[in-house]
Amino acid sequence: MYLFKMRRVSLLTLTVMSMLLCQGLCSGVFELKLQEFLNKKGIQGNKNCCKGGLMSSFQQQCDCKTFFRICLKHYQPNATPEPPCTYGGAVTPVLGSNSFQVPDVIPESSFSNPVRINFGFTWPGTFSLIIEALHTDSKDDLMTDIPDRVISTMTTQRHLTVGEVWSQDLHTVGKTELKYSYRFVCDEHYYGDGCSVFCRPRDDAFGHFTCGERGEIVCDSGWKGHYCTE
């Protein structure tokens, strides 16, 4: 047990060190697009009806006001929702009730879809993603550490190459279903398999070049040398 804990601490330490060492040297963003959530019976993970629905003469209508907690971690065969989210995370506002398509924006909110998690270090090519759907009685109360609020927890581990193409996924947990897509793209001026190659076109005393598809320097016509200054 002690050895396992030491290995875990070492892994987290290496992750943090790589973040610090690569700041400014490599850059990209993990994008997660939430598309559709289905909870036709309006129940939580404990199979209880979400409170807040309208009362009929026979029973209460379940109404799960749903928001999501997103946790992106380093690759783990059996990832859990518990922190830390080593690569980053986010909590959305309430996006709908029971079953709904996820909007691109929420009025009077900073939320935008896709959710973007910025990287200041080389993309490792693998990840663990945990998405929790939770219920709240109030849109102003988005606490995520109350177990009874959990509607469902979806966990996935994947290999992912850098690129513009979206990877599609569909997870079914109990009576719920979540459709989403994701990708990892380099920020402007960053290239390579891990977005660790930096190249910014220049046309001044320090160089005369553009950048190739892999971030290699391509001299403008009439110029040569390592930085195209000759």
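## The largest pocket

Let's start with chemistry: the lining of the largest pocket is made up of 6 nonpolar, 3 polar and 5 charged residues. Keep in mind as you read that this is a predicted model. The pocket has a volume of about 260 Å³, and 14 residues line it. Those nearest its centre are Val162, Cys186, Tyr190, Tyr191 and Gly192.

Which elements give two or more residues to this lining? They are strand 10, covering 176–186, and strand 11, covering 190–191. Strand 10 gives the most, with 3 residues.

## Strand 2 and its cover

Now over to strand 2, which spans residues 65–73. Is this strand mostly covered or mostly open? It is mostly covered, with 8 of its 9 residues buried.

## Partners of strand 2

Strand 2 pairs with strand 7 (residues 126–135) over 8 bridges, in the antiparallel sense. Within strand 7, isoleucine 131 is the residue opposite isoleucine 70.

Strand 3 (residues 88–91) also runs antiparallel to strand 2, and 4 bridges join the two. Here arginine 69 faces valine 91 of strand 3 across the pairing. Strand 4 (residues 96–97) is another antiparallel neighbour, joined to strand 2 by 2 bridges. Serine 97 in strand 4 is the bridge partner of lysine 65.

If you are following side chains along these pairings, a general point may help: in a regular strand they alternate between the two faces of the sheet.

Notes. Residues are numbered from 1 along each chain as its sequence is written. This is a predicted model: local features need pLDDT of at least 70, side-chain atom pairs count only at pLDDT 80 or more; totals for chains, interfaces and linings use all residues. Side-chain values use heavy atoms; hydrogens and water are left out. On a 1 Å grid over the protein atoms alone, a cavity is a set of points where a 1.4 Å probe fits but cannot get out, and a pocket is an open set with protein on both sides within 12 Å along at least five of seven lines; lining residues have an atom within 4 Å of a point. Grid points are joined across faces, edges and corners, and a volume is the space filled by probe spheres set on the points. Helices (H or I, at least four residues) and strands (E, at least two) are DSSP runs, numbered from the N terminus. Ala, Val, Leu, Ile, Met, Phe, Trp, Tyr, Cys and Pro count as nonpolar, Asp, Glu, Lys and Arg as charged, and the others, Gly among them, as polar. Buried means under 20% relative accessible area, exposed over 50%, partly exposed in between (1.4 Å probe, protein chains only). Two strands pair if DSSP finds at least two bridges between them.
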